[in-house]
Amino acid sequence: MAIMPPTTEYSPPREATPVGIEFDLLDLLLVMAQRKNTIILTSVIGMFITTGLVLLMHPVFTAKAMVLPPQQGQSSSGLLSQLGSFAALAGLGSGGGAKDPNDLYMGVLQSNTVADGLIKRLNLMAAYKVKKLSDARRMLAAGSKFVSERGGMISITVRDGDPHLAAQIANAYVDELHDINSRLIIGEAGVRRNFFSQQLALEKDRLTDAEIALQQTEEKTGAISPMGQTGVVISQVAGLQGQIISHEVQLDALRTSSTDQNPDVIRLNTEIAGLREQMRALESLQKGRKAGDISLTSRSLPEDQVAILRKQREVQYHTFIFDLIARQFEAARMDEAKASPLIQVLDPAEPPERKSGPFRALWTLTGLIVGFVFGCIRVVASYVHSRVVADPDNAAKLAQFRRALSFRSS
């Protein structure tokens, strides 16, 4: 009996199940070519939308001013020390380490002090149609730009819908910077000038009163001016009083920037006390004058001559003090003129003739490009969706995904 070989059951080969959807770049380009009308339509729509928007926008004009602040060769080092408090206000304190002197001026331009001055000077709250000062500051800062150019210059650029207002704001920045610079850079010379100016006005009134009193005394007594030893007394008393007042003026000026423990203050107080002691000794009654002593007290003179002597002494005293304070005042004024740096305006801002924006051609081109990209994305998305829906499994998964996103299914 023959043994038959085992038989095997035949099964047809299984088709491979697709695990994903493959996309061909050529197919995508073909679909985009077939739906070119859609892409062109979206591009045109985007171009018209941006063109309409740019037509609704107000034109913007830019005005620019160029200034040259004091450099290190002039008075930058002194400025940084004298404006320490205001530099802290502008965010440029000593700890900030502003290496460029222009940083200080740019910080001042960006401060609220300058902004408030411009808003008040040009009535920008009405121009910007705002009711709050903070909104006016914000709009002013948004349209202003300060750049430190090469060569130590600072450019002040202002953008606004009104060309004349833009130029006025840029020039007003320069004026405010100059005013603040002149007001804050006073220093020691400015303090001395103010002090001597007040003292000079007071001493002028006192000298006038002393001259009137001398004239009235001469008319009342009918006496002539004493000569000889009386002149020595006048010179000694006037000299001592002049030295006392001079020391007192120096002491008051020194106290504006120093304390009572300062060695110079202590020295001046000691010298003033010694001079006053000499004055009291000179005016006191001297008994037993020695031979050759030319000093003469007021009590040893006749009564009428004593009156004339005192009035003359007052006139000479106030004349001496007036001349002394006048010289000190002129010296302080010269020092202040040398210490105050000068901000030079190279190019004042002028109303621009052409607008700086918006550029219609650029906006139209941008809308065209955005519309083209949107049309391409739409065509590609439609193509991908059609390929996904063509597969039953993917279509079922897509429908299930939609149901999962719906709140009704939950």
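1. Two residues are in contact when heavy atoms of theirs lie within 4.5 Å. Keep that in mind as you look at this predicted model. In the protein chain, 78% of the contacts with a separation of 6 or more are between residues 24 or more positions apart. The chain holds 15 helices and 4 strands, and of its 410 residues 31% count as buried.

2. Let us begin with the sheet. In what order do the 4 strands stand? The order is S2-S3-S1-S4, in an open sheet with antiparallel pairing. The edges belong to S2 and strand S4 (344-347); each has a single partner strand, so one side of each is left without a neighbour in the sheet. On average, and with direction ignored, neighbouring strands of this sheet are turned by 25 degrees against each other. As background, strands of a sheet pair through backbone hydrogen bonds, and they can do so in a parallel or an antiparallel way.

3. Now walk across the sheet one pairing at a time. S2 and strand S3 (residues 154-160) run antiparallel and are joined by 5 bridges. One pair to find on screen is Val147 with its bridge partner in S3, Ser155. S1 and S3 are also antiparallel, paired over 7 bridges; here Ala65 has Ile156 in S3 as its bridge partner. Lastly, 3 bridges join strand S1 (residues 61-68) to S4, again antiparallel. Val67 stands opposite Val345 in S4, while the bridge partner of Leu68 in S4 is Gln344.

4. The connection from S2 to S3 deserves a look of its own. These two strands form a hairpin with 5 residues between them, and Gly151 in the turn has a positive phi of about 85 degrees. Met153 is also in the loop between S2 and S3. Is Met153 buried or partly exposed? Its relative accessibility is 24%, so Met153 counts as partly exposed. Leaving aside residues up to four places away in sequence, Met153 touches Met66, Val67, Leu68, Asn102, Val147, Ser148 and Leu346. You can also compare sequence and space here: Met153 and Pro69 are 84 residues apart in sequence, yet their C-alpha atoms are 6.9 Å apart.

5. Another loop residue to click on is Ser356, found between S4 and H14. Which residues does Ser356 touch, not counting those up to four places away in sequence? They are Val60, Phe61, Thr62 and Arg159. For Val60, the separation along the chain is 296 residues, while the C-alpha atoms of Ser356 and Val60 are separated by 5.7 Å.

6. Next come the aromatic rings, with a count of 2 aromatic pairs. Phe146 and Tyr173 form an edge-to-face pair, 5.0 Å centre to centre with 80 degrees between the planes. This pair links distant parts of the chain, 27 residues apart: Phe146 is in strand S2 (residues 144-148) and Tyr173 in helix H9 (residues 163-184). Both Phe146 and Tyr173 are buried. The other pair is Phe195 with Phe196, whose ring centres are 5.6 Å apart and whose planes are at 65 degrees, so this pair is edge-to-face. The reasoning rests on a cut-off: planes over 60 degrees apart count as edge-to-face. Phe195 and Phe196 are both buried.

7. My last point is about two helices. For packed helices, it helps to know that the description uses the angle between the axes and the distance between the axes. Helix H14 (residues 360-390) and helix H15 (residues 392-405) have axes that come within 5 Å and cross at roughly 110 degrees. That angle makes H14 roughly perpendicular to H15. Where do the helices meet? On the H14 side you will find His385, Val388, Val389 and Ala390, and on the H15 side Pro392, Asn394, Ala395, Leu398 and Arg402. Sorted by class, the contact of H14 with H15 has 6 nonpolar, 2 polar and 1 charged residues.

Conventions
Residues numbered from 1 in each chain as written. Predicted model: local features only at pLDDT ≥ 70, side-chain atom pairs only at ≥ 80, totals over all residues. Heavy atoms only, no water. Phe/Tyr/Trp six-rings, centres within 6.5 Å; stacked < 30°, edge-to-face > 60°. Buried < 20%, exposed > 50% of the residue type's maximum accessible area, 1.4 Å probe, protein only. Axes fitted to C-alpha atoms, helices over the stretch in contact; angles between N-to-C directions. Parallel < 35°, antiparallel > 145°, perpendicular 65-115°, else oblique. Nonpolar A, V, L, I, M, F, W, Y, C, P; charged D, E, K, R; others polar. Pairing = 2+ DSSP bridges.
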